[in-house]
Amino acid sequence: MNEIPVGPATAASIYVRRSSRQDLGKNQSLQEQETDCRRLAASLGLSVVEVYLEREGTGASRRSAKARPEWKRALHDLDSGERFHTLIVWSLDRADRRGADTLAALLTKHAATGRRILGLDGTDTSDERQRLVTIIRGEIAREEAENTAKRVLRTKASRRAEGSWLGGSPPYGLMIADGKVAPDPVTAPTARFIAEQALAGRSLWALARELQKQGIPSPKGGTWTVGSLSALLRSPAFAGLQSVRRRSASGAWPAIADVYLDPDSRQPVSVGEGIISPTERSLILATLASRSSEYERGVVRGRKGSSTITGGLLRCDACGSRSSASSSSNGGSYRCAAMARGLDCDSPFTAPRVGVDEYVARRFLSYLAALEPGDGRLDRIAERWAVHVDPTSAAERAEAQSAVDAVEADLARARRLAVSGVLTEEEAAAEISRLRTLLKRAGEALGALPRPEVDVSPLLDLVESAEAWEALPGQDRRDLLTLAIREVRVSRASGRGVRFDPSSRVSIAWID
């Protein structure tokens, strides 16, 4: 009997994903899922050409921000249709729980191309008769995923209030015993030494160097740095306190958790025995805060803003690390960041901030004056400079452009919903017509704004450009420097007490 040749139409691939769910016996192992899927493929006369295996920690719901590269690759290969036209999953809700709009798009696409996703739960995305059932099932799966996430949050909140450790590695010097933190007999003595040195006022840089000299590895097995010591000392659990992290408005998570307060008493909740006491933690935090320029100026702590002109461009000529800036009554200095963090550098530099900033500014303005009219670099810098000189006009254009972009995004979203079938034809027609009208108005408003005329002549005269440069705020100067300079390298002085000579110690790499 002649064997049927294996081609895309008779080939299939399998997608399996591990889940942490224990309910209803659905937590099949990857091998069990694959075996069941292969059995379905054999019953349909399909040859399996590939298995896409997704490990644990790759949630399928829209709430999850975790990437699922294998699912993405499986859908891409299915859409191409070069090797197979059938993708078999153990259950469609195991693969995707993002709801009706996502599933509707899949169903529409597969009905038109002949591709299909088959599930052991009876799912067949190429079957028009299952369209409504599949969409409803997808919405149920999405709601289930959302409810599961809410239950997890409620459970965590309850355990947090009880003072239970919520998981993950405890801070250096601690271990987990009976759901609480407790001193680790092996690392606790070193952790206490770190705390005592911080309480005594020793700088974190000097402490990091001391730990490196003693050959004591950091929690991750590497070398101690100022950052790792700061994170350890600021950790609430290091003082035996429960912690909580709250996502910022931008969606980012803070590096250091806050101390969790009981909702009723507003008192810190204990999570066990720490290396230091809460009082000692307060003293350490006050010491760390007193060393920051923000604290000295009475500014509320937050994301530290840069007050340097060239600091973001500076690199140590010896090790290539970035620079660290320090403030003082005479203007402060730049120095090798590796040295500032307590790391090794064969020849770390230190240079006066004012001297470096003024030298780089002079070289930048001379660089502009040497360019010829019509040079694209000159035009680009002049256009950006004009934005800083007349920020009101630039802000108006930016606001108008944002309005155009927002309407275009709404229009694209409406078209996707129309294609996926979430919107009816009448709803889609009305919404798209309305958005097109808004887009036309937004475009006309943008076009009515005058474009700033770019005059490069002041940049070709050193006297004029120097006066204009001095009138710009520091942030604007930094912005302009990055348009022409890739990096600035600073080398170490030839000897102690030698006068700073930028021409011999500072080298500039231009963006050409």
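Tutor: In this predicted model, an axis is a line fitted to C-alpha atoms, for a helix over the stretch in contact, and an angle is taken between N-to-C directions. With that definition, helix α12 (residues 353–369) lies across β9, β13 and β14 and runs at about 40° to β14.

Student: What makes β9 and β13 a pair of strands?

Tutor: Two strands pair if there are at least two bridges between them. Strand β9 is joined to β13 (residues 485–490) by 3 bridges, so the requirement of at least two is met. The two strands run parallel, and Arg-315 stands opposite Arg-489 in β13.

Student: Which strands form the open sheet, and in what order?

Tutor: The sheet has 3 strands in the order β9-β13-β14, with mixed pairing. Neighbouring strands are turned by 30° against each other on average, with direction ignored.

Student: Why are β9 and β14 called edge strands?

Tutor: Strands β9 (314–316) and β14 (506–510) each pair on one side only. That is what the name edge strand records.

Student: Which residues of helix α7 are called buried, and what does the word require?

Tutor: Buried means under 20% relative accessible area. In α7 (residues 204–213), the residues that meet this condition are Leu-204, Leu-207, Ala-208, Glu-210 and Leu-211.

Student: How do you know where on helix α7 these buried residues lie?

Tutor: Looking down the axis of α7, one finds its buried residues within an arc of 160°, and therefore they line one face of the helix. An α-helix has 3.6 residues a turn, so residues three or four places apart point the same way. Just after α7, Gly-215 takes a positive phi of about 75°.

Student: How much of the protein is buried?

Tutor: Buried residues make up 38% of the 512 residues. The accessible surface comes to about 28,500 Å², and 52% of that surface belongs to carbon and sulfur atoms.

Student: What makes the approach of Glu-280 to Ser-277 a polar contact?

Tutor: A polar contact is a pair of N or O atoms within 3.5 Å, one able to donate a hydrogen and the other to accept it. The side chain of Glu-280 reaches the backbone nitrogen of Ser-277 at 2.9 Å. This distance is within the limit, so the pair is called a polar contact. Glu-280 itself is found in helix α9 (residues 278–290).

Student: Which residues does Glu-280 touch, beyond those up to four places away in sequence?

Tutor: Glu-280 touches Arg-192 and Leu-199. Contact means heavy atoms within 4.5 Å, so that is the condition these residues satisfy.

Definitions and conventions
Residues are numbered from 1 along each chain as its sequence is written. This is a predicted model: local features need pLDDT of at least 70, side-chain atom pairs count only at pLDDT 80 or more; totals for chains, interfaces and linings use all residues. Side-chain values use heavy atoms; hydrogens and water are left out. Helices (H or I, at least four residues) and strands (E, at least two) are DSSP runs, numbered from the N terminus. Axes are lines fitted to C-alpha atoms, for helices over the stretch in contact, and angles run from 0 to 180 degrees between N-to-C directions. Buried means under 20% relative accessible area, exposed over 50%, partly exposed in between (1.4 Å probe, protein chains only). Accessible areas come from the Shrake-Rupley method with a 1.4 Å probe; for residues, only the protein chains shown count as cover. The arc is that of the directions from the helix axis to the C-beta atoms.
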